Structures are given as C-alpha cells and as structure tokens.
Amino acid sequence: MHLTLDAALLTAWADAATQALERHCAEIDRINVFPVADGDTGTNLLLTMRSATDAVRRGVREESLPDDVAAVAVALARGALLGARGNSGVIASQILRGVAEAIGACAGGPRLGGAVLADGLARASRLATAAVTHPREGTVLTVLTAASVAAAAVASDVISEVAIAATDAAAAALARTTAQLPELARAGVVDAGGLGLYLVLDALVGLTTGRPPVARLPTTGAAVRPPARGRDALTAERESGSPAFDYEVMYLLDGTTDAAVERLRSELDALGDCVAVVGDGDMWNVHVHCADVGAAVEAGMAAGRPHRITVIRFADQPGADVTAEAGGRFARSRAVLMIVTGAEVAELARSAGASVLEVGPGGPLDEAELVAALAGTRARHVVLLPDDSELTAVAERAAQVARRDGQDVLVVPTASVLQGLSALAVHDPERRPGEDVVAMAEAAAGTRTAGLMVAESEALTWVGRCDPGDVLGISDGEVVLIAPDLPVGALWLAHRMLLAGGELVTALLGEGVDASLGEGLAADLRRTHPEVDVIVHRGGQSDFPLVLGVE
C-alpha cells in the first residue's frame with residue numbers, strides 16, 4: 001500500500017478518480033437537480049478530471065514534467081482549471097488546487113503523509129467556498145467541508161487513515177444533503193456534485209487500502225424517502241438557478257489583475273446567479289448563469305482577455321427527464337462541432353446551429369481539449385470541422401479517441417472558416433449521417449478561400465519584393481499579389497478568385513477592420529460581376545484583416 005503522497009500515488013489517484021467518474025457518470029447526471037436541473041454534473045466532473053490527467057500525461061510525453069510530486073500536483077490543478085466544465089468542474093479544480101498548494105507548502109520537507117492530505121482538503125474547502133458567490137448548505141461544498149474537518153481530526157499521519165476518515169465523513173454528509181436543500185428533498189436524491197466528490201475520495205481509499213471501489217452509489221438520501229413517481233423522482237423544478245437566467249456562460253480570462261477579477265465577480269453577480277470565478281494567478285476560469293450573454297462576455301473584456309468562450313442555453317439541454325442514449329451519455333443524435341478563431345465568427349457559427357470550440361489565433365489546440373469538446377456536444381454522431389489545415393491531424397486523433405469511447409465522429413477536413421461555414425450551410429440532420437458528411441464535404445471542397453495580410457517586414461515573395469505595410473494576398477499558403485492598401489487588395493484578390501468562376505462571394509472582416517472595406521468591395525463586385533451574390537460578415541479574426549470565399 002502507498003505510505004507517501006508521492007508523484008506515483010497522486011497520478012494514480014487522479015486516474016482512479018477519473019475511472020470512477022466514467023463508471024458512474026450517467027448516474028450522477030441523472031440526479032443532477034441543483035443548482036440547475038440540466039443533467040450534466042457527472043459529465044462536467046468527468047471532463048474536468050480528464051483535462052487534469054491529460055495535462056500530466058502530456059507533460060510526461062513531452063518530457064517537460066519532472067518526476068516530482070509538487071510538479072504533478074501543479075499540472076493536475078492547472079489542467080483542471082483550464083478544462084473545468086460547469087459549476088461542478090470549477091469547484092473540482094479548486095479541490096486539486098488545494099492539494100497542490102498543500103504539497104507545495106511542504107516541498108523539500110519530510111515525507112508527505114496524511115497531514116498534507118488533510119491540509120490539502122482544508123485548503124480546497126476554503127478555495128471552493130470562496131469561488132462561489134452565494135454558497136448554500138446541502139451542496140458539494142457541505143460535503144467537502146465535512147471531509148476536511150474529519151481529515152483534520154485524525155491524529156495519525158497515515159494517508160489511508162486520513163483518506164478513510166474523509167471519505168466516511170463525506171458519505172455521511174452526502175446522505176444529509178437531501179434534507180438540506182428543498183430541490184433535493186422534492187426529488188429524493190443526494191447532491192450530484194457531492195456524490196462526485198465522494199467517488200474521488202473513495203478512489204484514494206481504494207489505492208491506499210486495497211478496498212474495492214464502491215459498487216452501488218448512495219444516490220438517495222437517508223433522511224428523506226424518495227417519492228414514488230417513476231423517472232420523475234429524479235427530476236426537480238429549477239429553483240436556485242432563477243428561471244430568468246436562460247444561459248450558462250463560461251470562459252477563460254487572462255491579462256487581468258486581482259482587483260479587476262473582484263470587480264468582474266461583482267458585475268456577474270448583478271447579471272445572474274451561480275457565479276464562480278477561480279484562478280491560479282495568471283489564468284482564471286469564469287462561470288455564470290445569466291440572461292444577457294453579451295453583457296457577461298463584455299464584463300470579462302473589461303477585466304482582461306476572455307477566450308475559449310462557451311455558451312449553453314438551458315432550454316437546449318436534455319435535463320434529467322430525457323431518455324438519453326448509451327446510459328445517459330448521449331442526449332441528442334446529431335451535432336456539428338466547429339473550431340473557430342474569434343468571438344464574432346464563433347457567434348456566426350452558433351447562429352447557424354454549430355457547437356463551437358474557440359481557440360486563439362496560431363495557438364496550439366490540445367487533443368484532450370478537443371476530445372472534451374466532442375464529449376460536451378452530448379451527441380452520438382458528430383461532424384468535426386477543423387477550419388484550418390494545420391488542425392486536421394489533431395482533429396483526426398481526437399476523433400479516433402472519441403470513437404474508442406463510443407461516439408461516432410467524422411472529420412470533414414475544412415481548411416478555412418469559410419469552408420466550414422459552407423459545409424455547415426448544407427448540414428441536414430434529417431439525412432443519414434454518411435450522406436450528410438458527403439454533402440458537407442462537397443460544399444467545403446467547392447469553396448475557394450484566400451485572405452489579406454499586412455507585411456511586417458521586407459521580404460521576397462513569388463510575385464516580387466514587398467515592403468513593411470504592403471498588403472499581401474495569400475492563397476494556399478502563397479503570396480499571389482501585393483497591393484498598396486486593404487481596399488485595393490480586396491478588389492484585386494476578389495477579381496483574381498472570380499477568374500475561375502463563382503456564384504457567391506463571402507467576406508469576413510477581421511478584428512478592428514472598418515466596415516467600409518466590406519461595403520466598398522460589395523459595391524464594386526455588384527457593378528463588375530452582377531451575376532455574383534456578395535455577403536459580408538464580421539469575423540473578428542485577428543490574423544487576417546479580410547478573408548474571402550468563393551463558391
């Protein structure tokens with residue numbers, strides 16, 4: 001049995017906890033009625049823990065992670081923070097952060113035993129409670145507090161004894177949650193997040209004692225008899241998340257200060273409920289339920305740089321009353337997941353019906369992050385649009401992982417966002433999946449794309465020498481024209497693309513580009529190519545001031 005909280009035990013604990021959440025994900029989702037009855041707590045906890053463990057595996061694979069318990073703890077906490085999903089995932093990230101802080105406080109000291117584990121749970125309790133704007137009794141916070149108090153009361157420094165005390169206290173506190181929250185009492189269930197925490201702690205007991213993992217979950221509270229209403233016994237009206245707040249908004253935030261984060265927390269609290277803002281000093285994870293999505297994102301923009309923005313409408317969520325496929329994992333049959341750069345094009349894709357994974361320009365896309373996004377669609381059949389030829393390989397790898405997990409994922413290798421939008425335009429969920437993918441692939445292949453960039457330095461191109469400030473027309477990765485300014489470059493590039501014919505020209509304006517660029521281009525094309533339809537959108541991309549597509 002493990003006697004020391006070393007890197008091997010910490011990694012094994014994270015893996016065992018993730019496996020426990022995988023086994024019981026559907027059961028946790030099914031009893032999720034607080035703070036919103038949207039049936040996703042188990043899924044969110046699982047995706048958050050997968051992000052944590054994937055961060056460690058990636059560090060080991062890239063040989064960038066030392067074989068040191070403090071480094072492993074930080075990697076787990078950081079991975080959970082960046083991949084936290086939903087309110088439950090945000091809280092889970094703080095549990096890992098508490099453990100990391102306790103281990104870091106003892107770095108270089110004597111053997112790490114049960115006292116460090118107890119300190120980690122105490123820190124986790126404080127951090128998680130501080131993350132929630134209006135904590136309530138009967139939630140995962142209550143279960144975590146009980147576990148931390150019991151762990152602190154153990155006189156021994158033996159890890160297994162501390163783990164057993166914390167787990168037993170968590171089980172007892174979990175049973176009491178049913179009577180502590182009206183939402184849980186009416187449904188006759190325990191708190192879903194608290195149940196997930198119990199599984200995480202029980203996984204550590206199994207590793208340190210050899211005790212087999214719990215087989216039957218305590219999903220109903222001991223103090224309240226579940227009402228005999230069939231499947232409705234596991235549902236409840238939404239009371240805590242106010243009916244006025246229809247959206248869940250989540251994003252990562254950097255480039256900010258502690259003071260700005262506190263102002264953001266207050267602003268979000270005024271906009272909605274279920275506010276949770278957590279961070280590690282340079283990166284923050286923001287979560288809120290609200291009615292005004294734009295205001296929630298704008299508040300983040302005022303505080304720093306929000307990115308990886310995710311918006312979920314509760315009316316589109318399955319809730320606990322949906323008979324989902326695969327034991328509750330899949331809530332719908334079909335989905336399209338589109339990888340985009342820029343908030344405006346992300347909104348454009350969402351309005352066209354796609355699920356969206358927003359990434360930074362030129363930034364690396366982690367395979368685990370993409371797998372999590374695929375799972376987050378909760379669809380059995382997913383069409384994945386990478387919208388960048390350099391992302392096709394990672395998209396294929398993520399699709400292969402998802403297929404091993406039982407999700408049918410097909411990649412349409414779109415090379416640009418305009419090819420993705422073209423594919424999305426012909427998506428028909430009523431068609432058979434294979435036929436739909438063929439139609440989407442044909443639409444993408446029929447869209448030629450090019451863009452304008454501004455030269456930053458003197459260089460020799462295929463079409464001559466360019467100077468700083470010159471506008472370059474880029475097609476298939478090569479410079480095809482040099483223009484004196486953006487309006488002229490837009491006209492030259494569009495006319496060049498139409499030499500091969502075309503019926504529709506779509507223009508995406510980049511971040512900060514004046515609308516007159518699109519208006520001038522549209523007016524010229526209507527005069528010189530009256531047979532061509534022209535559509536101009538705000539794309540918000542930061543790499544290309546203008547992207548053109550011809551279909």
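Which residues of β12 lie on one side of the strand and which on the other, and are they buried or exposed? In this predicted model, V471, G473 and S475 sit on one side of β12 while L472 and I474 sit on the other, and all of them are buried, with the result that both faces of the strand are covered.

## Strand β12 and its partners

Strand β12 spans residues 471-475, and five of its five residues are buried. Strand β9, made up of residues 448-454, pairs with β12 in the antiparallel sense over four bridges, and within this pairing V454 of β9 has V471 of β12 as its bridge partner.

Strand β13, which covers residues 478-483, also runs antiparallel to β12, and five bridges join the two; here I474 is matched with V479 as its bridge partner in β13. The hairpin formed by β12 and β13 has two residues between the strands, and in this hairpin D476 takes a positive phi near 55 degrees.

## Strand β7 and its partners

Strand β7, at residues 379-385, is mostly covered, since five of its seven residues are buried. Strand β5, at residues 332-340, pairs with β7 in the parallel sense over six bridges, and M338 finds its bridge partner in L385 of β7.

Strand β8, at residues 408-411, runs parallel to β7 and is joined to it by four bridges, with D408 in β8 serving as the bridge partner of H381. Between these two strands the chain passes from β7 through helix α14, residues 392-404, to β8, and this β-α-β crossover is right-handed.

Terms used. Residues are numbered from 1 along each chain as its sequence is written. This is a predicted model: local features need pLDDT of at least 70, side-chain atom pairs count only at pLDDT 80 or more; totals for chains, interfaces and linings use all residues. Side-chain values use heavy atoms; hydrogens and water are left out. Buried means under 20% relative accessible area, exposed over 50%, partly exposed in between (1.4 Å probe, protein chains only). Two strands pair if DSSP finds at least two bridges between them. A crossover is right-handed if, with the strands pointing away from the viewer, the path from the first strand over the helix to the second runs clockwise.
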